[in-house]
Amino acid sequence: MDLIVEEDAQANTIDEPPKDIPQESMPEENFAADGMAYQPDLAQLSPYDKINFKNLARKDLEFRKIWQNTSGHLDFQDSRTIKTITKAHLNADFGIEIDLPDDRLCPPVPNRFNYVAWIQGLIDSTNPDYTDGYDPNREVVGLDIGTGASAIYTLLLLRMRSNWTMCATDVDKKSFDSAAHNLALNNMLTRTKMLQTIDTNDLIPIKYLGVEKLDFTICNPPFFENEKDMHNSLKGEGKSSKPNAVCTGSEGEMICAGGDLGFVTRLVHESLALRDKVTWYSSMLGKMNSAKAIINLLKKHGVSNWAVGCLEPGGVTKRWIVAWSFGDLRPKNDIARIETIAHEFLPFPTQYKIQLNEQLVMANVFERINKQLSSLDLSWVWDPATSSGLGLAPQNVWNRKYRRQQKAKEAVAGKSSKNLAIHDEDDTKLVALAFRISVFEHPTKVLRIDWLRGSDNVLWESFCGFIHQGFKKNKDQEYQ
Ligand code: SAH
């Protein structure tokens, strides 16, 4: 395979910080009151924003030498510099060591990590147990499609989440062997099922991986359709500024039939057959138009549960991420919907906010919610510690007709027949709508409803309308 050492526009950009913007970094070095270095919680690091090379130079000796020799004017066309930056980030920020062959992609860590953080958010916000946030006890299995010589996604995911395991594939022997070496270097080989595959095989070869189900796939596909497409892009054609980092990717890493769109279209077609064998299918895409085309394809096939994100660490190279599911667990709004893409490409909102009257006393707000929810034939549990409650409804139990029938039944039975609709809360098939209601006092008083499960957005909207009705202004006096 040819070695390409040219300016990269697509898959291998180290994001140079814009000159006039103050540089910050994730994770910052923090110190506790006793002067000891504070260890950030690796399981839940926030995404990179700006890249702080000065800080990196402080933390990594090899990079410090380059930083000092160039007086801070890094040469992003120098493959050694690029490799040293990647190694320094992995080592300083995650305690990961890697070896990289010279003729394979050197992944920019901020871009890759931000995709990993997005996937973690997606998985955390769609826990079948409805846990709010990271659940350290949850076992999660992912598949890294085309893991590459670095195995970067697998390394980051396993390093951050101790209860997660991974499967990793690649078609390229050299990359595959190098990935296995990097996993071994970090004692992660036992937590990874590796499979060297061939391009005519499925991208998700689930039966050869020896797993029943996967929680997610993660993938950075080859972005280009052919050499011409790649070389034009590497030269920066059609862009306002030239790409800023050298690309060491081999042809197999950069080119495939149909480019990023062709690869992810294949993934969509496989998912239509595999359906809920995988909870979240996902991939990165190089261009916004590719992301749009994938969302249109999903819509065409009736997939209504998807998420779209944008990666732009350092504010230089934009990448897109799309994930989709055949299940009915709904991800948080801030993960599934980025506002920088046209509305038609966004999934249905999963959050509804009600601005409360500032005069309301919080204890009365809680009482009012509980009263409203407890009067319904659904499962409802309020947690005073978090000022939030979880509700599971088997159907529309809040419409007038249902409530009237319920009252009549209760009258005949002479006792409450409430909550008979969901006998077993574990039997998620009986849940048509799962939601969380949370109340916030600061900066203003707000009631928020999150859609956690359900495939019917009309039902969800109707429920939000019902709750909102209970907080109409004219009812407020009673609760002040
Ligand atoms: N995940 C790495 C590498 C991405 S490059 C990173 O993010 O840096 C794309 C990778 O996909 C290459 O390693 C290439 O060999 C691999 N690949 C291409 N076609 C594939 C296929 N059909 N199945 C699995 N991997 C494939």
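The protein chain folds into 16 helices and 16 strands. The model described here is predicted. Of the 480 residues in the protein chain, 53% are buried. Contacts between residues 24 or more positions apart make up 74% of those in the protein chain with a separation of 6 or more. The surface is also worth a glance: the protein chain exposes about 22100 Å², and carbon and sulfur atoms account for 49% of that area.

Turning to the interior, the largest nonpolar core contains 64 residues. Within this core, Phe-94 and Phe-216 have the most contacts. Helix H4, spanning residues 109–124, provides the largest share of the core, with nine residues. A second, separate core has 35 residues, among them Leu-195, Val-268, Ile-294 and Leu-298.

The surroundings of Phe-216 give a closer view of the largest core. Once neighbours within four places in sequence are set aside, Phe-216 is in contact with Ile-119 and Ile-123, with the run Val-140, Val-141, Gly-142 and Leu-143, and with Leu-157, Trp-164, Met-166, Val-278 and Trp-280.

Helix H4 also carries a residue with a polar side chain, Gln-120. With a relative accessible area of 3%, Gln-120 counts as buried, because the cut-off for that class is under 20%. Beyond its neighbours within four places in sequence, Gln-120 is in contact with Ala-43, Leu-157, Met-160, Arg-161 and Trp-164. Leu-157 and Trp-164 thus appear in the contact lists of both Gln-120 and Phe-216.

The ligand offers a second point of interest. It is surrounded by 20 residues, and the closest are Arg-112, Gly-146, Asp-170, Asp-199 and Asn-220. By residue type, the shell around the ligand comprises eight nonpolar, seven polar and five charged residues. Helix H5 (152–160), strand E5 (164–170) and helix H9 (251–254) each contribute at least two residues to this shell.

Several polar atoms of the protein approach the ligand. An N or O atom in the side chain of Asp-170 is 2.6 Å from an oxygen atom of the ligand. For Arg-112, a polar side-chain atom lies 2.7 Å from a ligand oxygen atom. The backbone takes part as well, with a polar backbone atom of Thr-147 placed 3.3 Å from a nitrogen atom of the ligand. Taken alone, the ligand exposes 570 Å², and the protein buries 97% of that area.

Terms used
Residues numbered from 1 in each chain as written. Predicted model: local features only at pLDDT ≥ 70, side-chain atom pairs only at ≥ 80, totals over all residues. Heavy atoms only, no water. Near = heavy atom within 4 Å. Polar contact = N/O pair within 3.5 Å; in protein donor to acceptor, adjacent residues only side chain to side chain. Areas by Shrake-Rupley, 256 points an atom, 1.4 Å probe, with all protein chains shown as cover. Helix = DSSP H or I, 4+ residues; strand = E, 2+ residues; numbered from the N terminus. Buried < 20%, exposed > 50% of the residue type's maximum accessible area, 1.4 Å probe, protein only. Contact = heavy atoms within 4.5 Å. Core = buried A, V, L, I, M, F, W, Y, C linked by side-chain atoms within 4.5 Å.
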